[in-house]
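Subject: A structure to look at, with some notes

Hi there,

Here is the structure I promised to hand over. Please open it beside this email and follow along as you read.

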Amino acid sequence: MTAENIQILQTEMAAKKLTTEKTRDYHFDNVKGILIFLMVFGHILEFAHTRPGNFEAYVIIYSFHMPLFVFISGYFSKNVDKVRENAFSSLFVPYLLFTMLNGIILDGKVLINPFQPAFALWYLLALFAWRLVLKSVLRIRFLLILTLLVSLYIGFIPQINHIMALSRIIAFFPYFLLGYFCTGDMYKKLFKIPYIAALLGFLGLAALVVYMIQEWGFSFRIFYYSYYYLSDKMKLGSNWTGVLMRSVAYVLAPLISLCFMRIVPRKKNFVLSGLGQRTFPVLVLHYYLVRLLWNSSLFKSMTEQLNAYVMMLCCMVFAALICLICGNRYVNLGFEKVLEWVRMILFKKTPKPVEDR
């Protein structure tokens, strides 16, 4: 390659980068950056969420962070043919790979059970399923209403529980469809909502979630979308109480998410935007660091001795550090290289993975 050709190539790459900078919507990156932080923060809090203050933060996070994540994934799945074509290589293969690694590293088992997704890996399996069936189910009339009804119905069935994350695959599917059906014009109307109204709405709805759980006996596990209504974990008096609670969750999550998206800044942010573009490695890898933290004598002693609100602040610092470790560009590059090598081994031609927004 001549020096002239190299210069032309560099000019084209610079122009492409500039075009991407101008056209990319960093608002979604910022939203995703905060959401992945909340995911890690929420998982750390699982060890100390029964304490005052920590519990309130925990239930507020779980009331909306995964529904909004799923909504965004649906929003960026509008190219149904492309996402279906790449679903196996970009989602199911990493799911199997890290399920196997979890078994070897954490449990010392070579044999894996792919029917029991570990920790956050259920999301890869669910996203694989949604993108695989999306094109086929779009032909169904009244699809969103039907999926909501099915999602409420599965809570009656004890067999649909944690196996293959089936309960979550079905129960979160309406949020995925909401994202798919949301158009660019609808998204732009979000910013017509006054900022102060969105902020007050978010705080008010968050307070309502806490009040319902503390005063009305609303089960916070309804936000997991993984338990049937009469399971011992839910502690509900009847199936219909569960139907009512899940229905309320389906109303609250979009409203909280709407307010949350409005108050997140739109401009490029060095930390949030970068983290939001690299959520995949954080989603998959953070469990190892959280598990180390949980098992450390330091964290256990902090949980026992520190004031609840100081402990919550420490958990936020730990979550930020884990996000910076798992979500930095070098870890992301290594993560992508490993997945690329795996695909090269498995496939004759490496399919280009779809960007998982």
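Below is what turned up, starting with the whole chain and then moving to particular helices and residues.

**The overall picture**

Please keep in mind that this is a predicted model. The protein has 16 helices and zero strands. Of its 357 residues, 51% are buried. If you take the contacts between residues at least 6 apart in sequence, 82% of them join residues that are at least 24 apart.

**Helix H2**

A good place to begin is helix H2, which covers residues 26-45. At 1.5 Å a residue, its 20 residues should span 28 Å, and the C-alpha atoms at its ends are indeed 28 Å apart, so the expected and modelled spans agree. Is H2 enclosed or open to the outside? Every one of its residues counts here: 20 of the 20 are buried, so H2 is largely enclosed by the rest of the structure.

At the N-terminal end of H2 you will find a cap provided by Asp25. One of the side-chain oxygens of Asp25 lies 3.0 Å from the backbone nitrogen of His27.

Within H2, have a look at Ile36. Its relative accessible area is 0%, and since buried means under 20%, Ile36 is buried. Which residues does Ile36 touch, leaving aside those up to four places away in sequence? They are Phe69, Leu275, Thr279, Val282, Leu283 and Cys323. Ile36 also shows how the chain folds back on itself in space: its C-alpha atom is separated by 9.9 Å from that of Ala320, although the two residues are 284 apart along the chain.

**Just after H2**

Phe47 sits in the loop between H2 and H3. With 36% relative accessibility, Phe47 counts as partly exposed. Beyond residues up to four places away in sequence, Phe47 touches Trp294, Phe299, Lys300 and Thr303. The C-alpha atoms of Phe47 and Leu293 are 9.9 Å from each other, with their positions 246 residues apart along the chain.

**Where H3 meets H11**

Two packed helices are described by the angle between their axes and the distance between the axes. For helix H3 (residues 54-75) and helix H11 (residues 239-263), the axes come within 9 Å and cross at roughly 75°. That angle makes H3 roughly perpendicular to H11. On the H3 side, the residues that meet H11 are Ser63, Phe64, Pro67, Leu68 and Phe71. Their partners in H11 are Ala253, Ile256, Ser257, Phe260 and Met261. What kinds of residue make up this contact? Eight are nonpolar, two are polar and none is charged.

Further along H11 you will come to Arg262. At 15% relative accessibility, Arg262 counts as buried. Not counting residues up to four places away in sequence, Arg262 touches Leu190, Phe191, Ile193, Pro194, Tyr195 and Ala198. The C-alpha atoms of Arg262 and Leu199 are separated by 8.1 Å, while the residues are 63 apart along the chain.

**Two residues with positive phi**

Most residues other than glycine have a negative phi, and most peptide bonds are trans. With that in mind, two loop residues deserve a look. Phe142 has a phi near 55°, a positive value in a residue other than glycine. Phe142 is placed in the loop between helix H5 (122-137) and helix H6 (143-153). Tyr225 is not a glycine either, yet its phi is positive at about 55°. You can find Tyr225 in the loop between helix H10 (195-215) and H11.

Which of these is buried and which is exposed? Phe142 counts as exposed, at 62% relative accessibility, whereas Tyr225 is buried, with a relative accessible area of 1%.

**One more stop, in H15**

Finally, please turn to Leu324 in helix H15 (residues 308-326). Leu324 has a relative accessible area of 54% and is exposed. Its C-alpha atom and that of Gly274 are separated by 10.0 Å, with the two residues 50 apart along the chain.

Happy browsing, and do write back with any questions.

Best wishes

Notes: Residues are numbered from 1 along each chain as its sequence is written. This is a predicted model: local features need pLDDT of at least 70, side-chain atom pairs count only at pLDDT 80 or more; totals for chains, interfaces and linings use all residues. Side-chain values use heavy atoms; hydrogens and water are left out. Axes are lines fitted to C-alpha atoms, for helices over the stretch in contact, and angles run from 0 to 180 degrees between N-to-C directions. Helices (H or I, at least four residues) and strands (E, at least two) are DSSP runs, numbered from the N terminus. Angles under 35 degrees count as roughly parallel, over 145 as roughly antiparallel, 65 to 115 as roughly perpendicular and the rest as oblique. Contact means heavy atoms within 4.5 Å. Ala, Val, Leu, Ile, Met, Phe, Trp, Tyr, Cys and Pro count as nonpolar, Asp, Glu, Lys and Arg as charged, and the others, Gly among them, as polar. The expected span of a helix is 1.5 Å times one less than its number of residues. Buried means under 20% relative accessible area, exposed over 50%, partly exposed in between (1.4 Å probe, protein chains only). A polar contact is a pair of N or O atoms within 3.5 Å; within protein, one must be able to donate a hydrogen and the other to accept it, and residues adjacent in sequence count only if both atoms are side-chain atoms.
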